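Have your viewer ready and your selection box open. We will go from stop to stop, selecting a few residues each time and looking at what is there.

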Amino acid sequence: MNSAPETLRRDFGGDIIEPGAADYAAARRSILASGNPAYVLRPKSAADVQAAVRFAADARLVLKVRGGGHAFAGFGTNDGGVVIDLSGLSSVEVIDKDRHLVRIGGGATWGQVVAALAPHGLAISSGDTRSVGVGGLTLSGGITWKVRKYGLALDNLVTANVVTAGGQLVRASATEYPELFWGLRGGGGNFGVVTAFEFAAHPTTDVIFGKITFPASEGAAVLQGWADYLRTAPEELTSIATLANPFAGGPEAPVEIQVAFDGDDPELAAQVIDPIRALGTVLSDDVALMPYGDVLVDGATPPPGIQLVTRSAFVGPTSVPGALRTLTEIATAQGSPVIAIRSVGGAVSRVPDDATAYAHRQAELMVITTTVGPEPVIAAGQPAFDAVWGKLAPHVTGAYANFLTTATDKDVAAVYPSATYQRLAAVKSEYDPANLFAANHNVKGSN
């Protein structure tokens, strides 16, 4: 029996899921975290989101908003509070064919977007996992397989329909609520619930994508050559290097260089990718033409009791050699985390530093480390994990909110440098002075 308060049942037209309901066991957890919320609310409209926000605020309940549910820090669930699950708001619609404008519901996943846009020959520089939510990825950045050519996902955002802490629905863009729009593009979920996004998509063809591997013994030379080449490579090329892959030998694993060429011309792609092949002894090469949607991978839910711990930072141009030497040493040591190094630059760096709340425009690389295991193993390995980052500290700066398991004050300071944070705090004071939207890398208001 539904025991939700009468005001919620009256004002909210979506599904109300409470403990004891048949679907509560599934609804209470996100992809990477499990909780016991008092209410999981699945809105069917923006008006439902407004009602849900007002209910949580009036009841003084902890509020979390779930898009795709992939937040490493477990932002998609809680204990005893309200979860707004946006999965029912997942429509994808081309609203202006000439301008390639696309409206996407706040609960859509990137897999849904790619599938819907493919028949139109369109794409958005998007997440690399199908089940990742459009909202979470976009609001904090969006470093993707087309990032060097088309920028971050948030760089392609044109408008956002937002329910603020007071329950108002506003449309934010460069000309309407411009300071809110600035904050949304990098400020995460600090300012409200985005019920719909409008993006400028781009025409797309099939892409040329795959993985080239090199011996671990050649790692240092391959990585430095790779980074040097990406500095001036055509922006159609985006690439990720992976070290210490546990499924390929851990510390003895080959260096894996994934490449994505945004185009379907094999000869042109070969000209662009061949300099990477020439960096060392190629052990394997599965680069091939494929639909853009096939580049995205399926997300997996860890088994019960298994935790993922991830941490990220950026590498500026002058720090690249030192960072790569350190990462190569770490990767070949026993107990190394999985290391991924993503190329950025290109279109990302051409956007003015203060144009959005994403604050790491001039980085050339982003480093991500990940460890996986049962909680006792993770806890026992924490000193070693911290030691890895101690070695990296002289060569890296900042952090990327979408690849952080923690959300401490130190993490927030890394994600948002001081000037960015102060501007975000002013936006927070205007649109969420009571900090209802605290389940994120949280910005406190300036009041």
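Start by selecting S140, G186, A357, Y358, A359, H360, A399, Y400, A401, V415 and Y416, which line the second largest cavity. This is a predicted model, and every value on the tour is computed from it. The space inside this cavity comes to about 40 Å³. Colour the lining by class and you will find 8 nonpolar residues, 3 polar ones and no charged ones.

**Next stop: the largest cavity**

The structure has 3 cavities of 30 Å³ or more. How much space lies in the largest cavity? About 70 Å³. To see its walls, select A216, G219, L223, L243, A244, G250, P251, A253, V255, T328, A331 and T332. Show the helices as ribbons too: α8 (219–232) and α11 (320–331) each supply at least two residues of this lining. By class, the lining of the largest cavity holds 8 nonpolar and 4 polar residues, with no charged residue.

**Out to an open pocket**

Now move to the second largest pocket, which contains about 440 Å³ of space. Centre the view on R311, W389, L404, K410 and D411; of the 21 lining residues, these lie nearest the centre of the pocket. Three elements are worth colouring here, since β17 (306–315), α13 (375–392) and α14 (409–415) each give at least two residues to the lining of this pocket. Which of the elements has the largest share of that lining? Strand β17 does, with 5 residues. The lining of the second largest pocket is made up of 9 nonpolar, 8 polar and 4 charged residues.

**Into the nonpolar core**

Select W110, I143 and L184 next: within the largest nonpolar core, which has 67 residues, these three touch the most other members. Then add helix α15 (residues 418–431), which gives this core 5 residues, the most of any contributor. Keep I143 in view and draw its contacts. Leaving aside residues up to four places away in sequence, I143 touches L152, F314, R342, V344, Y358, M366 and Y400. Two of these partners take you back to the opening stop, as Y358 and Y400 are among the residues lining the second largest cavity. For a second, separate core, of 42 residues, select members including V222, A227, L237 and F385.

**Along helix α3**

Select residues 46–59, helix α3, and try a ruler check. With 14 residues at 1.5 Å a residue, α3 should span 20 Å, and its end C-alpha atoms are 20 Å apart, so the two agree. Which residues of α3 are buried? They are D48, V49, Q50, A51, A52, V53, F55 and A56.

**Two backbone oddities**

Step just past α3 to R60, in the loop between α3 and β3 (63–66). Most residues other than glycine have a negative phi. R60 is not a glycine, yet its phi is positive, about 55 degrees. Switch on a surface and R60 is exposed, with a relative accessible area of 77%.

For the last selection, go to Y177, in the loop between β9 (169–173) and α7 (178–184). Here too a residue that is not a glycine has a positive phi, of about 50 degrees. Is Y177 buried, partly exposed or exposed? Its relative accessibility is 40%, so Y177 counts as partly exposed, a class that runs from 20% to 50%.

Note on methods. Residues are numbered from 1 along each chain as its sequence is written. This is a predicted model: local features need pLDDT of at least 70, side-chain atom pairs count only at pLDDT 80 or more; totals for chains, interfaces and linings use all residues. Side-chain values use heavy atoms; hydrogens and water are left out. A nonpolar core is a set of buried Ala, Val, Leu, Ile, Met, Phe, Trp, Tyr and Cys residues joined through side-chain atoms within 4.5 Å. Buried means under 20% relative accessible area, exposed over 50%, partly exposed in between (1.4 Å probe, protein chains only). Helices (H or I, at least four residues) and strands (E, at least two) are DSSP runs, numbered from the N terminus. Contact means heavy atoms within 4.5 Å. The expected span of a helix is 1.5 Å times one less than its number of residues. On a 1 Å grid over the protein atoms alone, a cavity is a set of points where a 1.4 Å probe fits but cannot get out, and a pocket is an open set with protein on both sides within 12 Å along at least five of seven lines; lining residues have an atom within 4 Å of a point. Grid points are joined across faces, edges and corners, and a volume is the space filled by probe spheres set on the points. Ala, Val, Leu, Ile, Met, Phe, Trp, Tyr, Cys and Pro count as nonpolar, Asp, Glu, Lys and Arg as charged, and the others, Gly among them, as polar.
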